[in-house]
Amino acid sequence: MELKCLRCGAIGLHNGGSSWGCGSCGARFPVVAQVPRFVAEEFYAESFGFQWNRFARTQLDSASGTTRSRETFEQKTGWSLGDLRGKRVLDAGCGMGRFAEVGANAGAEVHAVDLSTAVEAAFQNLGHRPNVRLYQADIMNLPFPEESFDFIYSIGVLHHTPNTKAAFLRLPPLLKPGGAVAIWVYSKTLRSLWGSEILRKLTPSLSKSWLLQASRIAIPLYHIHRVAFVGTVTSHVLPTSMHPEPEWRWLDTFDWYSPKYQWKHTYEEVEGWFMEGGLTEIRRGGFPVSVRGFRPPSSAV
């Protein structure tokens, strides 16, 4: 697939090995650790680079021997994996590649981007696959021409950008006519976990190394949260992940408390974005707040 120059908009960057170059304006985008870099830094996403390079394989189905990520992908996109075979797919916010692996296993040509250095963990996990391409890039300024993809998904990412709606609206123009997009963002109902709302006023500014160690409390606290009556109190005062796997709940708890941005939304709000983006056949998924829709076969977005 041809790439777009982020400086002048010309289509058709050439791969020079150590960088991708634009023949029109001369811009060059370096390749570092075998991943093309279309941003100079991680900006607000530094915690995710830290997180996914530490927990590089925890949620990867091929490493855990489970199908948890595949099941999550199906639940939050509402798609049949069989529909992805032979299609070009954009993973908008790939982290260490858990869902990109699902798409690749389904036979898709997956183009996976992340703003953070998590792409380095993703490359270690998936860089050997001929149907996976990885890029460090910003969702707000992606190096892809319009109408490039058959499917686009963003699972648990857009609510960590400065503006969830603005980030989402960058995606529909990248769909081919008739293409589908699916996203999952945090629900406003999560605000009922008032303890985390208070703690998050402080935790994103803490040292990531310190917060990582502090988040490990989720491992033993899980058992207290499960105690009748007592757990009702502790789970609201100090909410932590309730995943049955210890390392997974340590990861999920760090993931909750570390990001700079963490917006929460309603179905109605997200459906409005889909309509504003010119999408049709908008459907709610079974997991709040997951929404999917289609670009009309013959209309501009």
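With which side chain does the side chain of Ser19 make a polar contact? In this predicted model, the partner is the side chain of Arg28, and the distance between the two is 2.8 Å. Ser19 itself belongs to strand E2, which runs over residues 19–21. Because its relative accessibility is 8%, and buried means under 20%, Ser19 counts as buried. If residues up to four places away in sequence are not counted, Ser19 touches His14, Arg28, Phe29, Pro30 and Val31, so that Arg28 appears both in this list of neighbours and as the partner in the polar contact.

From this strand we can turn to a helix, and to a second buried residue. Ala118 is found in helix H5, which covers residues 118–126, and it is buried because its relative accessible area is 0%. Leaving aside the neighbours within four places in sequence, the residues in contact with Ala118 are Phe48, Gly49, Trp52, Asn53, Gly95 and Met96. Several of these names return when we look at how H5 packs against helix H1, which is made of residues 46–54. The axes of H1 and H5 are 7 Å apart and meet at an angle of about 30 degrees; since angles under 35 degrees count as roughly parallel, H1 is described as roughly parallel to H5. On the side of H1 the contact is made by Phe48, Gly49, Trp52 and Asn53, and on the side of H5 by Ala118, Glu120 and Ala121. As for a residue elsewhere in the sequence, Ala118 and Arg295 are separated by 177 residues along the sequence and by 30 Å in space, taken from C-alpha to C-alpha.

A further group of helices can be followed by starting from helix H9, residues 218–225, whose buried residues are Ala218, Ile219, Leu221, Tyr222 and His225. These residues lie on the same side of H9, because they cover an arc of only 165 degrees around the axis. Among the elements that cover them are helix H8 (208–215), helix H10 (230–237) and helix H11 (246–257).

Two of these covering helices, H8 and H11, also pack against each other. Their axes come within 9 Å and cross at roughly 130 degrees, an angle that makes H8 oblique to H11. The crossing in which H8 passes H11 is right-handed, and the contact between them is made by Lys208, Leu211, Leu212, Gln213 and Ser215 of H8 together with Trp250, Thr253, Phe254 and Tyr257 of H11.

How values were computed. Residues numbered from 1 in each chain as written. Predicted model: local features only at pLDDT ≥ 70, side-chain atom pairs only at ≥ 80, totals over all residues. Heavy atoms only, no water. Helix = DSSP H or I, 4+ residues; strand = E, 2+ residues; numbered from the N terminus. Buried < 20%, exposed > 50% of the residue type's maximum accessible area, 1.4 Å probe, protein only. Polar contact = N/O pair within 3.5 Å; in protein donor to acceptor, adjacent residues only side chain to side chain. Contact = heavy atoms within 4.5 Å. Arc of directions from axis to C-beta. Axes fitted to C-alpha atoms, helices over the stretch in contact; angles between N-to-C directions. Parallel < 35°, antiparallel > 145°, perpendicular 65-115°, else oblique. Left-handed = near helix turned anticlockwise from the far one by under 90°.
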